[in-house]
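Here are some exercises to work through with the viewer open. Try each one yourself before reading the solution below it.

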Amino acid sequence: MWRRRLKLGTYFRIGVYVHWSFALLVAYVAYAGYQDGVIGTVFGVTLLLGMFLCVTLHEYGHALMARRFGIETLDITLFPIGGVARLMKIPRIPWQEFLVAVAGPAVNIVILLILGTVLLLVPGLDLPSLGEVLTEVEAGDRVIEVLNSPTPLGYLMSMMLVNTALVLFNMIPAFPMDGGRVLRSVLAMGIEYRRATRIASYIGVLCAVVMGGLALHHGAVTAGLIAVFICYAGLSEARQVEVIEPLRDLTVNDAMIHQPPRLLMDMELDELLPSLRSCPTTAVPVVGQDEFVVGILSLQDVTEAVERGADPRTTVGQLARFDAPVLSPDESLESVVTRPLEGCRQFAVADASGRLIGLLDLDTLRVRAGLAAQG
């Protein structure tokens, strides 16, 4: 799914992508507006693009605020139901998380103020007040008529409605909404971080259940799916924190396997197989001269090579993976487990000169890290 994103561009060194399903949404909006002719189609698509421009600016608000605290953003991806800015990590200091969380809605509030100022400058505009809209049916009908009209005024008011909805929806106190992170950050100012996360996730699940019930009552399928996503994401966030928190302040050196097995690049397959039968790990670092790390060999890759009928003279160098990351012993465990690792579970650890000194195994990392914490 992720490989079918279309790259729009990079701004402030942050890539913005559109998920492939976004094209289906554009096609649907264009079809829905076709009954009003070309003008209706153009207006509908332009309104959709304007809405997602606001979503993108919202995500840039998070990303640029996170950068103020030294946290980079991997990318921003636009989905039909909204956008996601993938930060390298969530700020651990509560007040920093609070500022990163509110930065997105703050951008939409600024957009609202700008659009409202433009609306006030429109000459001869006679729109009902908010009180009239809430109490008088005719006033509400007039506003709906303007919103549905393919005119500059209709576009302006629609964009104001979009930004208002973005602020209100994102401030729902549920992960992964901004309101959930605001709630967690406020709680974490007074209680332990993991407990704050659990409480915030439970409140988020409650909000999702209420939203899902209302969606079922009114037959709103999309809202129901969003409620399910919020519930799942909230529980996943809590589980992730439970995993990461014990690793805080620990380094790769604390959890790696010291003096791990190693393989030479020129070792041939017929010599390799007997040694792998007693290997205690599912991947083995590959070294060259003077113990310099050049890659890592997975037992799965060896098995597949044997099943393909590989030549017994095939060398370790021909089977090894040379693109696997090589870790430093001083790297924090938190940064290792939270970054994209492309499916790898074992990593060679090298010193400053590139010589092998250890192996980090994610499958046994928590146990080893626990022993390090006890020691």
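The exercises go from the whole chain to single side chains, and the model they use is a predicted one.

**Exercise 1. Get an overview of the chain: how many helices and strands are there, and what share of the residues is buried?**

Step 1. Start with the secondary structure: the chain has 15 helices and 10 strands.

Step 2. Now burial. The chain runs to 375 residues, and 42% of them count as buried.

Step 3. Turn to the outside, where about 20900 Å² is exposed and 63% of that comes from carbon and sulfur atoms.

Step 4. Finish with contacts. Take those between residues at least 6 apart in sequence: 60% of them join residues at least 24 apart.

**Exercise 2. Work out the strand order of the sheet that contains E5, and say which strands stand at its edges.**

Step 1. Trace the pairing. Three strands make an open sheet, ordered E5-E10-E9, with antiparallel pairing.

Step 2. Look for strands with a single partner. Those are E5 (257-258) and E9 (346-350), so each has one side without a neighbour in the sheet.

Step 3. Zoom in on one pair: E9 and E10 (residues 356-361) run antiparallel and share 5 bridges. To check the register, find Val-349, which sits opposite Gly-358 in E10.

**Exercise 3. Decide whether H7 is mostly covered or mostly open, and find what packs on its buried residues.**

Step 1. Count burial along the helix: 8 of the 11 residues of H7 are buried, so by the under-20% cut-off it is mostly covered.

Step 2. List them. You should get Asp-178, Gly-179, Gly-180, Arg-181, Val-182, Arg-184, Ser-185 and Ala-188.

Step 3. Ask what lies over them. The cover includes H2 (37-68), H3, H6 (152-170), H8 and H9 (221-244).

Step 4. Step off the end of the helix. Met-189 is in the loop between H7 (178-188) and H8 (193-218), and this residue is exposed, at 53% relative accessible area.

Step 5. See what Met-189 belongs to: together with Ile-93, Trp-95 and Leu-99, Met-189 makes a nonpolar surface patch of about 390 Å².

**Exercise 4. Describe the surroundings of Arg-184 and find its salt-bridge partner.**

Step 1. Place the residue: Arg-184 is in helix H7. Its relative accessibility is 0%, so Arg-184 counts as buried.

Step 2. Collect the contacts, leaving out residues up to four places away in sequence. Arg-184 touches Ile-90, Glu-97, Phe-175, Tyr-193, Ala-196, Thr-197, Ala-200, Glu-237 and Val-241.

Step 3. Pick out the charged partner. The Arg-184 and Glu-97 side chains form a salt bridge, with N to O at 2.7 Å. Since Arg-184 belongs to H7 and Glu-97 to H3 (residues 94-121), the pair ties together parts 87 residues apart in sequence.

Step 4. Check the burial of both ends: Arg-184 and Glu-97 are both buried.

**Exercise 5. The chain has 6 salt bridges. Look at those of Arg-262 and Arg-321: which residues are their partners, and how exposed are the ends?**

Step 1. Begin with Arg-262, which bridges to Glu-291 with the closest N and O atoms 2.3 Å apart. The two residues are 29 apart in sequence: Arg-262 is in the loop between E5 and E6 (263-264), while Glu-291 is in the loop between E7 (283-287) and E8 (293-298).

Step 2. Read off the exposure. Arg-262 is partly exposed at 33% relative accessible area, and Glu-291 is partly exposed too, at 29%.

Step 3. Move to Arg-321, whose side chain meets that of Asp-301 in a salt bridge of 2.8 Å, N to O. This pair is 20 residues apart, with Arg-321 in the loop between H13 (316-319) and H14 (333-338) and Asp-301 in H12 (residues 299-307).

Step 4. Compare the ends with the cut-off for burial, which is under 20% relative accessible area. Asp-301 has 15% and is buried, whereas Arg-321 has 35% and is partly exposed.

Step 5. Round off with the contacts of Asp-301: setting aside residues up to four places away in sequence, Asp-301 touches Leu-319 and Arg-321.

Conventions:
Residues are numbered from 1 along each chain as its sequence is written. This is a predicted model: local features need pLDDT of at least 70, side-chain atom pairs count only at pLDDT 80 or more; totals for chains, interfaces and linings use all residues. Side-chain values use heavy atoms; hydrogens and water are left out. Helices (H or I, at least four residues) and strands (E, at least two) are DSSP runs, numbered from the N terminus. Buried means under 20% relative accessible area, exposed over 50%, partly exposed in between (1.4 Å probe, protein chains only). Contact means heavy atoms within 4.5 Å. Accessible areas come from the Shrake-Rupley method with a 1.4 Å probe; for residues, only the protein chains shown count as cover. Two strands pair if DSSP finds at least two bridges between them. Patches are made of residues with over 30% relative accessible area and no salt bridge: like charges are joined within 9 Å, nonpolar side chains (Val, Leu, Ile, Met, Phe, Trp, Tyr) within 5 Å. A salt bridge is a side-chain nitrogen of Lys or Arg within 4 Å of a carboxyl oxygen of Asp or Glu.
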